[in-house]
Each structure stands twice: as structure tokens, then as C-alpha cells.
Amino acid sequence: MSESAPTREVARRAFAAEFNDASYTFKESDDERAPLYALLPTGARANRVYVVGTLTETEDVGEDSEYWRGRVVDPTGTFFSYAGQYQPEAASALRETETPAYVAVVGKPRTFETDEGDMNVSLRPESITIVDAATRDRWVVETADRTLERIEAFDGAASQGGEAAAPDEYATMAETQYDSDLSMYRDQVIAALEDLEETEVTAEA
Amino acid sequence: MTDLRQHAVEVDEQFSDELDVGVDEIEERLETLVSDYRVPIEEARRSVVSTYLDEADMEREQLSDGDQAAEVADIDEPEEWLDLTAKVVELWEPRADSIAQVGLLGDETGTVKFTKWAKSDLSELEEDGVYRLGNLVTDEYEGRFSVKLNSTTTIEAIDEEIEVGDDATEVEGAMVDIQSGSGLIKRCPDEDCTRVLQNGRCSEHGEVDGEFDLRIKGVLDDGGEVHEVIFDQEATEALTGIGLEEAQEMAKDALDTEVVVEEMRETILGRYYRVTGPTLGRYVLANETETLEEAPDAEDVLIKARSL
């Protein structure tokens, strides 16, 4: 493969509860145009994410120009998506979609500081499209799987430590930045999957 | 062996098919330049090579650089000179008089399109024949690589069977992006060209009356890997339900071709697909596309989660 073509950033899968905890952002070079990453607490960098959930509410919160906020809900929490004049397609999707609806959002994590001094994480969408329930269910299982992979890798890195293997760079970074108990994220994965199984049972009944 | 001798041997090899020079003569010329005229060895070699290029009436690109044996899967750059030992998998009907033969070559690692120019005056390749092909040059078009046989190419039929590799790959993931140049496009009408026009212009043939075509350049992402996928007209229609005629109608009504890709975006962005097809450069060419509608089984993942 040619080295010159810049590789596209992978779209990470994370549930809303973990995504909203990813308040630490960083760049990997001093270049002004270097990609910005949010650090997921389970130990991965995310420049882009792909999420599927229920769009429950849209609101134009702009003052001078249109600035749309959409609430996209998954089994663990809510992704806040903001789209304005620089994301015209996403903004018009938020303007025109009748809620509730299942939507797929591809976008970039962004953080902002609230008046109270808290760091909030939001999603700046590249695209928002209406999808069906099957797509949403697939995303839940896939996101559960990817999240578990990260937790496993994180635990591996932590338990091996020292000289056994180089601990994963982002796991180490997450440990330093958040010092979180990952069992919380595992429990969310379990709850999300159980929720899915229940709806399947209900649907079959 | 001295450095000079080594260089002389290499230069001799480069011209072995064209000129019968001899290592001694080459070494002597190098010696004169290096010792008498204090020319650095690389420059001396360049100068000697130029002399023989003139003598053989060759272009520098045509020089073999000694060992350039390659496999089909290695081909990832245009304008590289290489040798292939390959089987003629298919011969196609040439679309122009300038082409003597065109088709598909294959080895264990995959297949690649080849073109043999009429003016190169080379011997005929036979379907299913296995050949050692010397000094081919690679070419690229929209991420697809091919090899060209040219007047310096050597063809040697060999008595060997090659098990041609299946280079089809299967990728799946969510369609996270549709790249520019997708939807209703226009291609250059020139037989050998078919380049996609930008604002009615072909980068090779200038302003032309383009021919409409449908195409999608999409990105499939599974959360771990990213794959770029090209859907041709047939695959695009199967994927989006929009055929070429309908697309042209849509564009005519809206006075804008962009409406087509906008509509396609709404249909396919954010959905999951599995695509099978050959890899062409950075792209997977969609031969088969499957929409992933069944939700996968949550049970296995749940068991894993509980065990952590």
C-alpha cells in the first residue's frame, strides 16, 4: 500500500455512558491540523465514532443562526449531537427528522466546559441517517463486543505490567487520566445486552 | 570483487538483453571516469549507462534493475518495472486497434489485468498458458493496478502449472461515509479512457461530452478496520434501488446531478453491509453485497461480559 495516502480514522464503538466520560482530549503531534482524539476510559483513542440510537428530541438552540441539538439515546445514556451551519447535512437531518426515530450518527467527539466548570462531551455529526431497529440492535451487540475487547486489553495491560509486555499506551493514559473502575463499563455492557434480549423476547411473544 | 567490478557486473546485467558489452569494457569506462576524471562512482555509472542507452536506443525507464521478480500481490505502485511468472487466466476482446491483447494474468497471490500493445509486436499469449514475463510496467487507474507489456518485454512460455490465487476478500461494517465522485457521474467517452470527468473535463482529453454512469465510493468501518469499497453501476443499483435511467431522470428534474448521491446517502449511510470482491489498490470492488439485517446473537457476548 502506498504510504502517502493518509489513513482514514476508524469510527470507534462506545456506549453513551462511556463516551460521555471521555472528557480528556489530546493531539499526537504539534501540527495545527493534527487529528484531535478523545480518550475513552476503557483505553482507546477516538477521533471518530459511529453510534446508533433513538433520536428522542431535537431543538434549535442557536441564537443568531441555526444550531441544532439532537438527543440520541442508547441503552446506557444519551449522546448530545450539535450541528450548525458547518454541518449543513446533519443540521438539516436534525431539523427534518420526526422524533422518535432510530438514527445512525457518524461524528467526532468534542468537549466543552460548562459554566460550572465541568467538562461535557458531545458529538459533532458528519452524517445522520434514519435506520431501522435491526441496525440499532446490531450496533448494540457490536458496541458491547468492542467495549469488552477494550476492557480485556486494558486488564491484560494492567496485570502484565512491568517487563512482561509494553502496556498499551492508551490504557496507561486512561489509567492516569481517569483512574476509573472499568467494571462499571462492563456492567453497562451487560445491562445493554439484557435490555436487547428482553425486547427480543417481547417481540417474539 | 572491487566496487567498480560490482557496478560493472550490475550494468552489464541491465543491458544483457539488449547489448553484448562485456563486464571488462564497462569496468574500464568506469575506471577512466573515477580514477582519471575524479567523478564519483554513482555519477560515473550514470554516465556509462547513458552511453549504452544511446547505443541500444533505449529509454532509461526500460532498463531492468536486475532482480525485479515480483508477485501479483506486490503490485501497489504505478510505473514500476517488474517481472512476473503468471498464467493467462482470461483473454478479453480488445476494444481498440492499438491493443493487441488484453486480459487477466494470475499467480498464487492473485490476478491483475494486462494490456499488450499492438505496436510492441510481441508474440501471442495463449489462454491458460504460463509465461515468464520480463520487464512489464505497472499502471494505475482509480486505484486499480494493471501491467503493460511493452517493446522491451520478454515473453517465455514455461512448462509449469500455476494455481491462481483467489484474491477476493470479504469485508463488513457500517457504511460510515460516501466519498465525492459517487452517484451519477460522467465518464470520458474515449474508448481507452473512461476517466471520470470533473466539471465536464477529462484530465487527459479536455472538454468532452461525457457518458453517464453510476458509481459509489463508500467506506465500510467495523470499529476496528476501515475499508474503501467501490460499487459499479450494477452494484450501485442493487444497493440503492436506483438505476441509471432513474438517476438521469432525477438529475433532469432537479437540474442537478447531486440529488442522486443525496438520495443514495439516505438509503445506505449508517447501515451494515458485507461486501465480497477483489482488492484493487486501496479499494475492494464490490462483486457481491449483502445487507446485514439480522441482529447478531447477543447471547455469546453476554456470556463473555459476565465472565470478565
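**Exercise 1.** Which residues does Leu193(A) touch, not counting residues up to four places away in sequence?

*Solution.* Keep in mind that this is a predicted model. Start at Leu193(A) and skip its sequence neighbours up to four places away; what turns up is Ala144(A), plus Ala298(B), Val301(B), Leu302(B) and Ala305(B). Next, put that in context: the largest nonpolar core has 85 residues, and Ala144(A) and Leu193(A) are the ones that touch the most other members. Helix α3 of chain A (residues 133–164) gives this core its largest share, seven residues. There's also a second, separate core of 16 residues, with Val72(B), Ala86(B), Tyr131(B) and Val147(B) among them.

**Exercise 2.** Work out what chain B brings to its contact with chain A.

*Solution.* Begin with the head count: 29 residues of chain B are in contact with 32 residues of chain A. Then ask where the chain B residues sit. Two or more of them come from each of β8 (168–178), β12 (211–221) and α7 (298–307) of chain B. The largest share belongs to α7(B), with six residues. Finally, sort this side of chain B by class: you get 14 nonpolar, twelve charged and three polar residues.

**Exercise 3.** Check whether the length of helix α3 of chain B (residues 41–56) fits its residue count.

*Solution.* The helix has 16 residues, and the expected span is 1.5 Å times one less than that number. That should come to 22 Å, and because the end C-alpha atoms are 22 Å apart, the two agree. Just past the end of α3(B) sits Asp57(B), with a positive phi near 55°.

**Exercise 4.** Find out how the buried residues of α3(B) are arranged, and what they pack against.

*Solution.* First, list the buried ones: Ala44(B), Arg45(B), Val48(B) and Tyr52(B). Now recall some helix geometry: with 3.6 residues a turn, residues three or four places apart point the same way. Looking down the axis of α3(B), you find the buried residues within an arc of 100°, so they line one face of the helix. Their packing partners are α1 (3–14) and α2 (23–36) of chain B. Turn the helix around, and the face away from the buried side shows the exposed residues Glu42(B), Glu43(B), Ser50(B) and Asp54(B).

**Exercise 5.** Sum up the fold of chain B in a few numbers.

*Solution.* Count the elements: seven helices and 16 strands. Then look at burial, where 30% of the 308 residues count as buried. Last, take the contacts in chain B with a separation of 6 or more: residues 24 or more positions apart account for 56% of them.

Key. Residues numbered from 1 in each chain as written. Chains lettered and ligands numbered in written order. Predicted model: local features only at pLDDT ≥ 70, side-chain atom pairs only at ≥ 80, totals over all residues. Contact = placed C-beta atoms within 7 Å. Helix = DSSP H or I, 4+ residues; strand = E, 2+ residues; numbered from the N terminus. Nonpolar A, V, L, I, M, F, W, Y, C, P; charged D, E, K, R; others polar. Buried ≥ 20, exposed ≤ 12 C-beta atoms within 10 Å, placed from the backbone. Arc of directions from axis to C-beta. Core = buried A, V, L, I, M, F, W, Y, C linked by C-beta atoms within 7 Å.
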